[in-house]
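Colleague: Please choose one sheet, take me through it strand by strand, and then show me what surrounds it in the rest of the chain. I am new to reading such models, so I would rather have a slow account than a short one.

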Amino acid sequence: MSLPSSSHLTRSFLLSLLFTSIAASASAFSDDEEVQIHHFQQYLRIRTAHPDPDYSAAASFLLSLAHSIGLQTLTLEFSPNKPLLLLTWPGSEPSLPSILLNSHIDSVPAEPDKWVHPPFSATRDPHTGRIYARGAQDDKCLAIQYLEAIRSLKRSGFSPLRSVHISLVPDEEIGGADGAEKFARSEEFRKLNVGLVLDEGQASPTDEFRIFYADRSPWRLFVKATGSPGHGSRMYDGTAIEKLMDCAEAIARFRDSQFDMVKAGISPASEVISINPVYMKAGTPSPSGFVMNVQPSEAEMGFDLRLPPTVDPEQLKERINNEWVPSFKNMSYKLLQKGPIKDCNGKFLITLTNESNPWWPVFEKAVISSGKKLAKPEILSSTTDARFMREMGIPTFGFSPMANTPILLHDHNEGWLRPAQSWASKEEFSGEGGMSIESVRTAIARSCAKVGSWIGKFSTVAVYGYNTCEPE
Ligand SMILES: [Zn+2]
C-alpha cells in the first residue's frame, strides 16, 4: 500500500518518523532482552508442527534453558515419544497450593509458500522487528515468557513463598489426550497441589490484555435421513435429501439467530452457540461422478457445534429432538461431546472472576498495579488444555499477555512485533510499503518483565486450600 502521490510532504514526514523510530527501537532492548528474544527465536526454529512434531529437540532445548536458570526438572512420558516437561521453582513454604504455568510445545502446520518468511526460520525483520514463525503466538511465547520471567526474578533475589511449576505439554493441537489430559489426571499432578493454573489465551488488538475464564465445549452432530428411493424425474414426499434439507434449513435459522446477536454487538462470538455444516454425504456414485436420475434412499450431514459453558446441553438436545431432527420424520442423529463439560464437583467448567475466587482479585490487581489494562473477562471461542485443569476443579485462567497485537494464531505469517510507540496509527504503519497490518506497541521482552512481576505477586500471596477434587 502506498500513500497518495499528492502527499509527498506527508510521505517524507512519515518515512523520517519511521526511520527515526527504527533507530530508536533498535536500541530499545537491553542486552538481557536481546538474549530473551534470541531464546524465543531458537525455540521457534524447532519444528514442532503436526503431523510430526520434533518433541525430543524441543525437550532438550527447554530442559537446557531450565537448567541454566537452576529449575528442578522432571520429564514425564504418558505416551511413548511424547515428553511432558515439569519444571519447578520450589517455594519456601511448599505446603501451600502451588502455581502452575502451562504451555503446549506443539503447533499447527504451516503452508510455507503463503508466508513472507519461512515459518520455521523465526526471521526477525530488520525493518519492523517482527519475528515470523509458526507458534510465535500459539503459544511458544508463553514458555519463553515463563522461563525468562523466572530467570529475571531469581536474578533480582526474589524467592517465592509457594512453589511455581511450569508444564510444557505435547499434543494440545490434536486434542491433548496424550498430553494435558493424562497429566491432569495423574498422580504426579495431584502431588503438585496446584491452586491456580495460567494457560494460554489470545493476543489483543487493543491496549487491554484479554483474560479467559472458560472455553466453549466442542460437540459433533451427525444427522442421517432415510427415505424412499425413486426416479429423478418424480416429485414425491419424504425423500432422504428433502428431509435433510428441511433439517439444514431449521439449523440455518437457528444459526442466523445466534450470529445476528454477534453482528448486532449483543453477544461476543464466544458466548453464543455456533453451528456450522462440515460435511454432506448423499448420492449414488457412478464412474463419472453421481447417478443423476436416482433420488437416493440415504443422506447424511455433519455439523461442528460449540457450546458456551453456560448453556445446558439438555436444552440443546430438546431442540434437536423437536425442531431439527424430529423422529417422526424417520431421521436419526448422533451427538458426540468432545471432552469434559463438568468438573469433578459437578459444576460447569468456569473459573470465577469475582471475589469468591480468591485468586481473581490478586490477578486483577497484579495486572493493574503494573500499569496495564485488563479487558472484561471472556469465554474463549475455541478449546484449550485449560479444560482438563478446570475438570479437576482448579481455577484456570487463559492469559497470553500480548496487547496491541493482531490475532494471528493458526494464520499465515504468524508473528510477534516489536514496540513501535512512534507509529501512532494504522495508516502510518502501513504507509511504508504495507509492511504490516497494525500499529503495534508490544515487545516480547517487556512482556517477559511484566509477567515476571505478576508471577512474583502470585507467588507471595497467601491463599489456602481452594476446592479441588481427586482424579478418578
Ligand atoms: Zn494454543
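**A four-stranded sheet and its setting**

Modeller: Seven bridges join strand S10 to strand S17, and these two strands run antiparallel. Before going further, please keep in mind that this is a predicted model. One place to find the pairing of S10 with S17 is Trp219, which stands opposite Gln337 in S17. Trp219 also has a bridge partner in S16, namely Leu305, and so this residue is a good point from which to look both ways. Strand S10, which covers residues 217-226, pairs with S16 in the antiparallel sense over 10 bridges.

From S16, residues 298-307, we can step on to S12, because these two strands pair as well, in the antiparallel sense and over eight bridges. Here Ser274 stands opposite Arg306 in S16. Put together, the strands form an open sheet of four in the order S12-S16-S10-S17, with antiparallel pairing. Strand S12 (274-282) and strand S17 (331-337) stand at the edges, and since each has a single partner strand, one side of each is left without a neighbour in the sheet. Neighbouring strands of the sheet are turned by 15° against each other on average, if direction is ignored. As you follow any one strand on the screen, it helps to know that in a regular strand the side chains alternate between the two faces of the sheet.

Now let us step back to the chain. It holds 12 helices and 21 strands, and of its 472 residues 41% count as buried. Among contacts between residues at least 6 apart in sequence, 78% join residues at least 24 apart.

The nonpolar residues come next, and the background is that in soluble globular proteins, nonpolar side chains tend to be buried together. In this chain the largest nonpolar core has 71 residues, of which Ala143, Tyr146 and Val197 touch the most other members. Helix H4, residues 136-155, gives the most to this core, with 10 residues. If we leave aside neighbours within four places in sequence, Ala143 is in contact with Tyr43, Leu62, Ser103 and Leu168. Apart from this core lies another, of 17 residues, and among them are Leu244, Met301, Leu307 and Val325.

Helix H4 also takes us to an annotated site. The "binding site" annotation in an unreviewed UniProt entry covers Asp138, Glu173 and His410. Glu173 is placed in the loop between strand S6 (164-169) and helix H5 (180-184). Is Glu173 buried or exposed? Glu173 is buried, because 22 other C-beta atoms lie within 10 Å, and 20 would be enough for that label. Leaving aside neighbours within four places in sequence, Glu173 is in contact with His50, Asp106, Ser107 and Val108.

Two of the residues just named, Asp138 and His50, also take part in cis peptide bonds. The one between Asp138 and Asp139 has an omega of about -20°, and Asp139 has its place in helix H4. The one between His50 and Pro51 has an omega of about 15°, and Pro51 is found in the loop between helix H2 (31-44) and helix H3 (55-69). These details deserve a second look, because most residues other than glycine have a negative phi, and most peptide bonds are trans.

Positive phi values can be seen in two asparagines. Asn81, with phi near 65°, is found in the loop between strand S1 (72-77) and strand S2 (83-89), and it is exposed, since it has 10 other C-beta atoms within 10 Å. Asn193, with phi near 50°, lies in the loop between helix H6 (187-191) and strand S7 (194-199), and it is partly exposed, with 16 other C-beta atoms within 10 Å.

Finally, a word on confidence. The chain averages a pLDDT of 81, and 80% of the residues score at least 70. Over residues 1-27, however, pLDDT stays under 50, and the model has 21 contacts beyond four places in sequence for them. The pLDDT is also below 50 over residues 417-444, a stretch with 67 contacts in the model beyond near neighbours in sequence. Where pLDDT is low, the predicted coordinates should not be read in detail.

Conventions: Residues are numbered from 1 along each chain as its sequence is written. UniProt positions are given in the numbering used here, feature names are shortened, and annotations may be inferred rather than shown by experiment. A residue is buried if 20 or more other C-beta atoms lie within 10 Å of its own, exposed if 12 or fewer, and partly exposed in between; C-beta atoms are placed from the backbone. Two residues are in contact if their C-beta atoms, placed from the backbone, lie within 7 Å. A nonpolar core is a set of buried Ala, Val, Leu, Ile, Met, Phe, Trp, Tyr and Cys residues joined through C-beta atoms within 7 Å. Axes are lines fitted to C-alpha atoms, for helices over the stretch in contact, and angles run from 0 to 180 degrees between N-to-C directions. pLDDT is the predictor's confidence in each residue, from 0 to 100.
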